[in-house]
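Got the model open in your viewer? Here is a stop-by-stop walk through it, with something to select at each stop.

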Amino acid sequence: MKILNNILLIPLFYIQRPWLTHRGLRFLKRFDETHEAEDLDNAISQIRRLVSLCPNGSTRATSLDLLSTAIRKRFDQGGNVELIEEEISMHREALKLRPIGNPDRLISLNNLSETIRVRFEMLGQPGDLEESIDYGRQGLALEPSDPDQRAKSLSSLGIALCMHFEHNGEMDDLESGIKYFHQALDLRPVGHPKRRGVLNDLATSMRTRFRETSDMNDLMKAVEFGRDALDACPADDQQRPLIIGNLASALLTRFTQNGSLEDLEESIDLNRQALASQPPGHPDRPLTLGNLPIAILLRFGETGRMEDLEDCIQLFRESLLLFPEGHPDRAMALSNISSAILTRFQQAGRIEDSDEGINILRETLRLLPNDHPYRAESLMNLAAAMLQRFELAPTVEALDEVVALDKEALEVLPPTHTYRATVLHSYAEALGRRFKLSKDLGDLARAVSLHEEALELWPPGHPEHCTSLKDLAMIILQRFEQSGDEGDLKKALELITNAEEELPADHPKHTDIRVALATVLLRMHSIDTSDNHDSDYLSKAFNFFEHAVNHSSASVKARFTAALEWISKAREYRHTSIIQAYTVSLTLLTRFLVATPSVELQHKFLRSTSTIPKTLASDAAAAAIDAEQLDVAIEFLEQGRSMLWSEMRNFRPPLEQLREVNPTFADELQKLTTQLEHQATSNHRILSERLDDLLSQIRKLEGFANFLSTVPFHTLRAAAAEGPIIVINVSQYRCDAIVVYYSCDPGLVHLPDIDLSTLAESASHCSDPKSTKAGDFSKRLRQILQALWKTVVNPIVDFIAPTLPLKSRIWWCPTSYLCAVPLHAAGPYLPKQRNLPDLFVSSYTSTLSVLISARAQRAEIVIKDLFVIADVGRPGSEIPSVQEELRRIQMHNQAAYLAFGENANNILTCLPQYRWVHFACHGHREQESFHSWFQLYGNDRLELIDLIHARLPNAELAFLSACHTAAVDVQGTPDEVIHLASALQFCGFGGVIGTLWAMADIDGPDVADDFYGSMFPENGSAANFKNSAVALNNVTKEMRKRKVPLDRWVNFVHIGA
């Protein structure tokens, strides 16, 4: 210092240092209270000035520590790696200023160890982790007297060692980390503000050790430490979301071990709490967004609630946005979302989910280098997804890819890896399937070898041992089919018998194994030349099929699959149990669909899955006809063809109707069905028994006698009270018409001349007339009608005509492609010969039950309440003749309410107030039938699914003067009649008039005039909706008189009572 004129000159640094330090600390404190970025910026600015004024020495080192604290706070707000780099630079400088022997050297060593570890977490550079551990060990070796600094050293080194374990798998690192955490905890007594952090680290490391050792004590300790950490954490602490998330993870892990739904629910609740306190940009939000949907996905596995699965996928998609291209964790985020999407594919059968899941898995694999520890798992996942996809579209190319994926996974996995047996098994299954297509004996031999190798890795007592025995038996059976070596057949029988005998009595895998055992026994039967073989192998085989299907511990889906195999073998061996097999299969399918939450999802599942034959009901009916059981054939068709609808009364889902009568029963039914189908549990038998007991109680309720069961024929025949019902069954095995009468036994008309390929072609023409060249459709339609007359309708007319007066009403209930062709207009179309419309008045019904409901509690009315929905007033889009059509309607019913410019919601609100409704607007058919729609004013849509959900207690008659309102999708589920006209029938209308294809706009006014002229006679007599079929017959008769082209009058159909 200099002395000038007896005045002591103090350097500016000594004057400003306390002031700058005070201001910096004051801004930091205020930032902690307000979280205002401006306060943090001011703090950093003040402390940077402080550092710039500090000379070398301890004072500068202390100032650098303070600046690093402020910069870390900025980093915690969503900063980048540059801030961490700056911190590391400052800590390195501070360490140089604190040489060995300096009492504050430990502070710099701890800071450097922790900050370099943070950089490792961001960049994943192994050298950073090694350096962090080195600095941590140096700090610990100083053995400081300050317990707080020693606790910090112990914790920091413990964290780094646990991270090191995650990357090298050395248990010594993990054990050392846990030891240091315990020592640190001893230095952080209850009430210490940093105790919660050590508890959280202990909880995480104990859960990690449990993952390696499966010691439940470690997992219980992890939950205990996690709860203690949360209890010690203030509500506003920044670390609270992380502590909550770690406890949620521990509880989730414990759920996977003990199946406690309480642990699962608490884990989901805690994760939601954590997410709520982590706004976008929070550094821990990605972790929570990854954990929460995993927990929800597990809950879906327990409950089967589709809303959980949808929620899970949405959260995974949000999580993926936080891991852009280049992020080290993007591959894991992709793997998570693919798992959820492929789960939805398994539930709903949507091909687009399979495609998306596979594409995401391909991207995941692209991001993982050959030496990445998760690459083998990703290869396995993609192989499994491709194998599922193969079941829908069997191609050798798909199997080639599965084989290549499994082969690479085997090369990546070490010989002792847990997943090795799983990959061997998948590889063998893919080769076995490929052999069936390619007949390459090399594939067969390799498949046997791989199955044998997998079996060695799954010894007796392993959960997969019996499955491995079964699959090895089946591949050896394939080898027998090629070689004819009876030793292979005997070996297959030995293996599969061992599998059956090893399993506990209530194990769910008995179903799959008994099917395999039955298959082997049938093959033994086919080569057995002894005198008693018919009563030995054959009877045993079909007994095993029966026991497999009735095994209550297995899932409904597994039992249904077994029933289909039973059907196949019973038909192949002409066994009398085929009727029983079909009965059980339809019952199981009905029960399986109860767990599917909506009619639309049920339809998508039935339409897209390859597991369910689209002709199941028709083939069942054919078997019953073969057995001369016509009543059973009708019951089969009713149950199977109307899987989505026949269980509805007043067209409400069965669960909804039950809930109105007995909510307790409904809730219990939904819970049991979803648990049985989705829960991987050992108590399937108990749940199944509870379900059977519950169904027994439900069927004792008034009106629920046939709940989720086959409606008996003596009930169904009531549909023929006003005329015969002609049920036409089209099957690959035989084609017949069953004429159902009200007061006598049904009659059978065999239809041997139906050719399925010709019928499919005719249905395609009628479903899409535009595919026929312009002007040629009427000509082609005439040929179709003539062919229908010859092969289908004329034999039936010959059968019913002797006992049925001319112009009587008849109802057609067709199946398969006959649903898409105009049976009502069939005829020879030759001079002086009458066609069907000249003989009888035809209507259609999709099921007998729906026709019974259409007639229930209907009364004649005098009030002519008619609701007319018209799309008018839109320039360029209005139907040209719609105004004239409306004028003609009002001529016959001046009280008709004309709805112009109404949106869908208003129309749905008004519909329940009217008995009759007339649509005069465009109709649009969609590939997804439930989204076919009426076009309303302003391009608003009234969709089929909206109509199904409507409640229309007064509905009687709907006239759909629009295009495609009764068109059937021949590519979907041909045994299900899903179109706009059927939707109106299903939501309550007793009679519906629709169109099979595009309607000629010019016909609208004349058709409306003739129809309502018949329905509203001038003498004022009561208007009865049941006259609508006769009125429509008169309309088409007038059209023929006016020489209207054939395709324009054939277009109109009547459905219902």
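**Stop one: a run of parallel strands**

Start with E8 and strand E9 (residues 897–900), which pair in the parallel sense over four bridges. Keep in mind as you click around that this is a predicted model. To see one rung of that pairing, pick Phe867: its bridge partner in E9 is Tyr897.

Now colour strand E8 (residues 866–870) by burial. Five of its five residues are buried, so the strand is largely enclosed by the rest of the structure. Which residues cover the two faces of E8? On one side you'll find Leu866, Val868 and Ala870, on the other Phe867 and Ile869, and all of them are buried.

E8 also pairs with E10, again in the parallel sense, over five bridges. Select Ala870 and you'll see Ala920 of E10 standing opposite.

Before leaving, go back to strand E9 and pick Ala899, which has its place there. Ala899 is buried, with a relative accessible area of 1%. Draw a C-alpha to C-alpha distance from Ala899 to Asp871: the two are 8.6 Å apart in space and 28 residues apart in sequence.

**Stop two: aromatic rings**

Show the Phe, Tyr and Trp side chains next. How many aromatic pairs does a search of the whole structure find? The count is nine. Take Tyr582 and Phe636 as an example: their rings are 6.3 Å centre to centre with 55° between the planes, which makes a tilted pair. This pair links distant parts of the chain, with Tyr582 in helix H26 (residues 578–594) and Phe636 in helix H29 (residues 630–641), 54 residues apart. Tyr582 and Phe636 are both buried.

Then jump to Trp916 and Phe1016. Is this pair stacked or edge-to-face? The ring centres are 5.1 Å apart and the planes sit at 20°, so the pair is stacked; the cut-off for stacking is planes under 30 degrees apart. Here too, distant parts of the chain are linked: Trp916 belongs to strand E10 (residues 916–920), while Phe1016 is in the loop between helix H42 (1003–1015) and helix H43 (1028–1041), 100 residues apart. Trp916 is buried, with a relative accessible area of 2%, and Phe1016 is buried too, at 4%.

Widen the selection to Trp916, Phe959, Phe1011, Tyr1012 and Phe1016: ring pairs link these residues into a cluster.

**Stop three: two helices and a charge over a ring**

Phe1016 sits in the loop between H42 and H43, so show both helices as cartoons. H42 and H43 pack at an angle of about 135°, with their axes 9 Å apart. An angle of over 145 degrees would count as roughly antiparallel; H42 and H43 are therefore oblique to each other. Their crossing is right-handed.

While you're in this part of the chain, select Arg1040 and Trp1049. The charged end of Arg1040 sits over the ring of Trp1049, 4.9 Å from the ring centre.

**Stop four: a three-stranded sheet**

Next up is an open sheet of three strands, in the order E11-E12-E13 and with antiparallel pairing. Which strands are at the edges? They are strand E11 (923–924) and strand E13 (941–943), each of which pairs on one side only. Between E11 and strand E12 (residues 933–935) there are two bridges, and these strands run antiparallel. Pick His924 to find Trp933 of E12 standing opposite.

**Stop five: a couple of backbone oddities**

Finish with phi angles. Most residues other than glycine have a negative phi. Lys439 has a positive phi of about 60° although it is not a glycine. Look for Lys439 in the loop between helix H19 (420–438) and helix H20 (441–457). Add Phe435 to the view as well: the charged end of Lys439 sits over the Phe435 ring, 5.5 Å from its centre.

The other one to select is Ser816, with a positive phi of about 55°, although it is not a glycine. Where does Ser816 lie? Its place is the loop between strand E6 (809–813) and helix H36 (836–839). Ser816 is buried, with a relative accessible area of 9%.

How values were computed. Residues numbered from 1 in each chain as written. Predicted model: local features only at pLDDT ≥ 70, side-chain atom pairs only at ≥ 80, totals over all residues. Heavy atoms only, no water. Phe/Tyr/Trp six-rings, centres within 6.5 Å; stacked < 30°, edge-to-face > 60°. Buried < 20%, exposed > 50% of the residue type's maximum accessible area, 1.4 Å probe, protein only. Lys NZ or Arg CZ within 6 Å of the ring centre and 35° of its normal. Pairing = 2+ DSSP bridges. Axes fitted to C-alpha atoms, helices over the stretch in contact; angles between N-to-C directions. Parallel < 35°, antiparallel > 145°, perpendicular 65-115°, else oblique. Left-handed = near helix turned anticlockwise from the far one by under 90°.
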